[in-house]
Amino acid sequence: MAIYQLSISTADQNFTCLDQKLQGCIEKSDLSSGLCTVFIRHTSASLLIQENADPAVRRDLHHWFGRLVKEGDSLYTHTSEGLDDMPGHIKCALTATSVSIPFVEGRLCLGTWQSVYLWEHRYGRQQRQIVVHLGE
Amino acid sequence: MAIYQLSISTADQNFTCLDQKLQGCIEKSDLSSGLCTVFIRHTSASLLIQENADPAVRRDLHHWFGRLVKEGDSLYTHTSEGLDDMPGHIKCALTATSVSIPFVEGRLCLGTWQSVYLWEHRYGRQQRQIVVHLGE
Amino acid sequence: MAIYQLSISTADQNFTCLDQKLQGCIEKSDLSSGLCTVFIRHTSASLLIQENADPAVRRDLHHWFGRLVKEGDSLYTHTSEGLDDMPGHIKCALTATSVSIPFVEGRLCLGTWQSVYLWEHRYGRQQRQIVVHLGE
């Protein structure tokens with residue numbers, strides 16, 4: 001068993017691919033096969049496993065979720081932390097805070113077109129903490 | 001490895017914070033570090049990791065999801081179990097039935113503002129079963 | 001620890017129950033109790049734990065998600081792979097790519113009304129790969 005912490009700089013609702021860093025954790029550990037669980041310690045940034053080939057997929061996801069979860073919705077009462085805050089909480093509820101991916105012979109069992117992304121839901125620069133658990 | 005069962009009383013689409021009970025499971029086990037997986041054995045109540053500071057976040061989540069997933073939608077054909085039943089199934093599909101959180105030196109690695117909630121999607125009183133797996 | 005790969009044939013946005021195959025994995029392993037993690041290696045098919053009693057629940061889920069995530073939405077720029085492709089990516093983002101279920105004495109701790117489904121989001125015939133990790 002091994003646990004690592006990653007610190008990721010984000011900016012303006014972008015997507016950060018975590019694949020290389022997760023592979024790096026597996027290499028640092030002495031585990032060959034097992035389960036990699038990724039956990040993000042925030043409620044306005046989340047995890048997403050999605051297509052890595054065409055960046056238009058992530059752009060469309062960004063716009064679709066932005067249209068579904070509107071800024072400045074009159075329904076919101078939690079408004080003191082900015083226009084992007086309550087939408088960020090809702091997007092986190094709709095996506096994932098933890099994902100688990102098996103790994104075999106030192107490689108994550110991601111599909112050919114899959115990557116693991118940190119999805120930032122706030123504007124501006126953020127520093128995000130992720131915990132990676134590797135278990136047998 | 002340790003597995004525990006929690007039984008939680010809920011009422012009327014509320015949120016129940018599970019942090020203390022999950023910490024209690026870790027303390028009962030002889031594990032210091034590892035992975036805590038929470039699984040809810042229902043299809044009309046789900047799990048949510050969200051902000052614990054301002055209760056308005058949970059209230060806004062409740063209202064936003066209630067507006068997205070309407071009661072009495074003419075699309076529904078599964079209507080025999082009440083107005084809140086099919087919306088509950090949809091809310092479960094949109095949120096989580098299992099979440100996994102690493103723990104280190106006996107403490108869940110939740111972020112400062114994160115708590116784990118049981119999110120009840122039905123009206124009235126329910127008794128909900130949760131299974132907690134602690135592994136290395 | 002044991003890892004298995006399942007290959008599942010799907011057709012036309014249907015639901016395939018995985019319970020029997022997951023139970024089969026547990027029986028093949030020499031594990032009695034632990035955690036079963038299911039991971040799907042695709043970005044246009046996902047995993048869902050839902051009611052298994054009334055098939056109308058799955059039919060309503062299919063229709064509700066189809067109305068929320070429209071085909072041919074003018075917002076999409078990723079359109080080269082067909083009408084069902086970008087909606088499939090969005091439905092995957094809204095549902096789960098990995099789920100974890102504890103098992104005790106050789107049986108998954110699913111609730112009475114719960115089953116694990118592969119939810120196909122594309123038309124036509126697909127062959128889907130699932131990785132099952134069983135750990136203590």
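**View 1. Chain B at the rotation axis.** In this predicted model, the residue of chain B that comes closest to the rotation axis is B:Leu94, with its C-alpha at 3.2 Å. What turn lays chain B on chain C? A turn of 120 degrees, with a shift of 0.0 Å along the axis, does so with an RMSD of 0.0 Å. That is the relation of a three-fold axis. The copies use different surfaces, and 13% of the contact residues of chain B recur in chain C.

**View 2. Where chain A meets chain B.** Chain A brings 23 residues to this contact and chain B brings 30 residues. On the side of chain A that touches chain B, at least two residues each come from β3 (34–40), α3 (85–94), β5 (98–104) and β8 (125–135) of chain A. Which element gives the largest share of that side? Look for α3(A), which supplies five residues. By type, the residues on this side of chain A are ten nonpolar, twelve polar and one charged.

**View 3. The open sheet of chain B.** Follow the five strands in the order β1-β8-β3-β5-β6 of chain B, with antiparallel pairing. At the edges are β1 (2–11) and β6 (107–108) of chain B, each paired on one side only.

**View 4. One edge of the sheet, and a helix upon it.** Two bridges join β5 (residues 98–104) of chain B to β6(B) in the antiparallel sense. Here B:Phe103 stands opposite B:Leu108 of β6(B). Helix α1 (residues 19–28) of chain B packs on the sheet and touches β1, β3 (34–40), β5, β6 and β8 (125–135) of chain B. The direction of this helix makes about 40 degrees with that of β8(B).

Terms used:
Residues numbered from 1 in each chain as written. Chains lettered and ligands numbered in written order. Predicted model: local features only at pLDDT ≥ 70, side-chain atom pairs only at ≥ 80, totals over all residues. Contact = placed C-beta atoms within 7 Å. Helix = DSSP H or I, 4+ residues; strand = E, 2+ residues; numbered from the N terminus. Nonpolar A, V, L, I, M, F, W, Y, C, P; charged D, E, K, R; others polar. Least-squares fit on C-alpha atoms with pLDDT ≥ 70 in both. Pairing = 2+ DSSP bridges. Axes fitted to C-alpha atoms, helices over the stretch in contact; angles between N-to-C directions.
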